[in-house]
Amino acid sequence: MSTEEEKIRAGGDPENLSAQIRNKALELGFDSCGIIKVDAVGDYADHLKERIKLFPESRPLLDYFFNYAYPQETYDWAKSIIVCAFRYGKYRVPEGVGGLIGKYYLYDYHFQEYSREFAKTALFESYLKEEGLKTVRDMAAGVTAARWAASKAGLGVIRKNNFCYTRHGSWVMLDTWLTDCDMECLETEVLPPCPDNCTKCIDACPTRALAGPYQTNAVKCVTFLTCLVNDTAPEHLRDKMGRWLYGCDECQDACPMNKDKWDGDE
């Protein structure tokens, strides 16, 4: 679609439409929203190559994610990526599940059709459709590298444990949509970097999957082992996995940048 056609469809120019989309996301209850050009995530492929070089055994798992660096190869109409962040660190953790189930999985709304968050997302998608946008979102696998896209959109920064942190810490869920409109709307969140000498997340990793700053060996990660491998986890790692049944929060719980970021009031 030409730029002129986009202007007609949006009732103005793409810049105005991108601002309207961001405002609608905030109105519906997302904590932040940004939009980037689809080419902005291309350097994610370099990140994957570096990770595979460090941990060759992770190649069978990571090869799939090269699709995330070039989503336009799967969806040739894609021109931009909408990224929304939702804070789940405001919820009370049920008694008895702490240290057993990763907090993300307690509040993952993508398949909870009864939840407010699921309804909010459906309303946002309806709005995008009403604006005449062609979009796609994959609830299960995602359409691109969400943390990478969020950092590119200015919603937050990726820290040494490879989680994306917004002003609410790492306790956020990220949703991404591909769209056929060529637009951009960047957030201006300014967050401090990780202290150079801090290794608390690395020290906390029970299986040493987090081998160094920004260096996670995916096939040793407790979340991978409990969510995707489970009872076939390598024997030498089983004792190190501790009490975790599904997911793991050790590196996030140990991170000073997450201090006082979990409210637990709702």
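Two strands count as paired if DSSP finds at least two bridges between them. With that in hand, take strand S2 and strand S6, residues 172–179, which pair in the antiparallel sense over eight bridges. One example from that pairing is Ser80, whose bridge partner in S6 is Thr179. I should say now that this is a predicted model.

Let me place that pair in its sheet. The sheet is open and has four strands, in the order S1-S2-S6-S3, with antiparallel pairing. At its edges are strand S1, 32–37, and strand S3, 135–136, each of which pairs on one side only. As background, strands of a sheet pair through backbone hydrogen bonds, either parallel or antiparallel.

On its other side, S2, residues 80–87, is joined to S1 by six bridges, again antiparallel. Within that pairing, Ile35 stands opposite Ile82, and Ile36 stands opposite Ile81. Helix H2, residues 14–28, packs on this sheet and touches S1 and S2. The direction of H2 makes about 150 degrees with that of S1.

Now S2 itself. Why call it largely enclosed by the rest of the structure? Because eight of its eight residues are buried, and buried here means under 20% relative accessible area. Ser80, Ile82, Cys84 and Phe86 point one way from the strand. Ile81, Val83, Ala85 and Arg87 point the other way. Note that Arg87 and Ser80 are on the buried list along with the nonpolar residues.

Next, the cores. In soluble globular proteins, nonpolar side chains tend to be buried together. The largest nonpolar core in this model has 25 residues, and Tyr44, Ile81 and Leu178 touch the most other members. Helix H3 (44–54), helix H5 (66–69), S2, helix H9 (146–152) and S6 each give two or more residues to this core. Which residues does Ile81 contact, leaving aside its neighbours within four places in sequence? They are Gly34, Ile35, Ile36, Val38, Val41, Thr144, Thr176, Trp177 and Leu178. Apart from the largest core lies another, of 23 residues, among them Ala25, Ile35, Cys84 and Leu133.

Back to helix H2 for one residue, Ser18, which is located there. Is Ser18 buried or exposed? It counts as buried, because its relative accessibility is 2%. A polar atom of the Ser18 side chain lies 3.2 Å from the backbone oxygen of Glu184. Outside its neighbours within four places in sequence, Ser18 is in contact with Ile35, Met183, Glu184 and Cys185. So Ile35 comes up again: it is on the contact list of Ser18 and, as a strand residue, opposite Ile82, under the bridge criterion for pairing.

Last, two backbone points. Most residues other than glycine have a negative phi. Arg208 has a positive phi, near 60 degrees, and is not a glycine. Arg208 sits in the loop between helix H10 (200–204) and strand S7 (210–212). Its relative accessibility is 47%, so Arg208 counts as partly exposed. Tyr214 is another non-glycine residue with a positive phi, of about 65 degrees. Tyr214 is in the loop between S7 and strand S8, 215–216. At 38% relative accessibility, Tyr214 also counts as partly exposed.

Note on methods. Residues are numbered from 1 along each chain as its sequence is written. This is a predicted model: local features need pLDDT of at least 70, side-chain atom pairs count only at pLDDT 80 or more; totals for chains, interfaces and linings use all residues. Side-chain values use heavy atoms; hydrogens and water are left out. Contact means heavy atoms within 4.5 Å. Axes are lines fitted to C-alpha atoms, for helices over the stretch in contact, and angles run from 0 to 180 degrees between N-to-C directions. Buried means under 20% relative accessible area, exposed over 50%, partly exposed in between (1.4 Å probe, protein chains only). A polar contact is a pair of N or O atoms within 3.5 Å; within protein, one must be able to donate a hydrogen and the other to accept it, and residues adjacent in sequence count only if both atoms are side-chain atoms. A nonpolar core is a set of buried Ala, Val, Leu, Ile, Met, Phe, Trp, Tyr and Cys residues joined through side-chain atoms within 4.5 Å.
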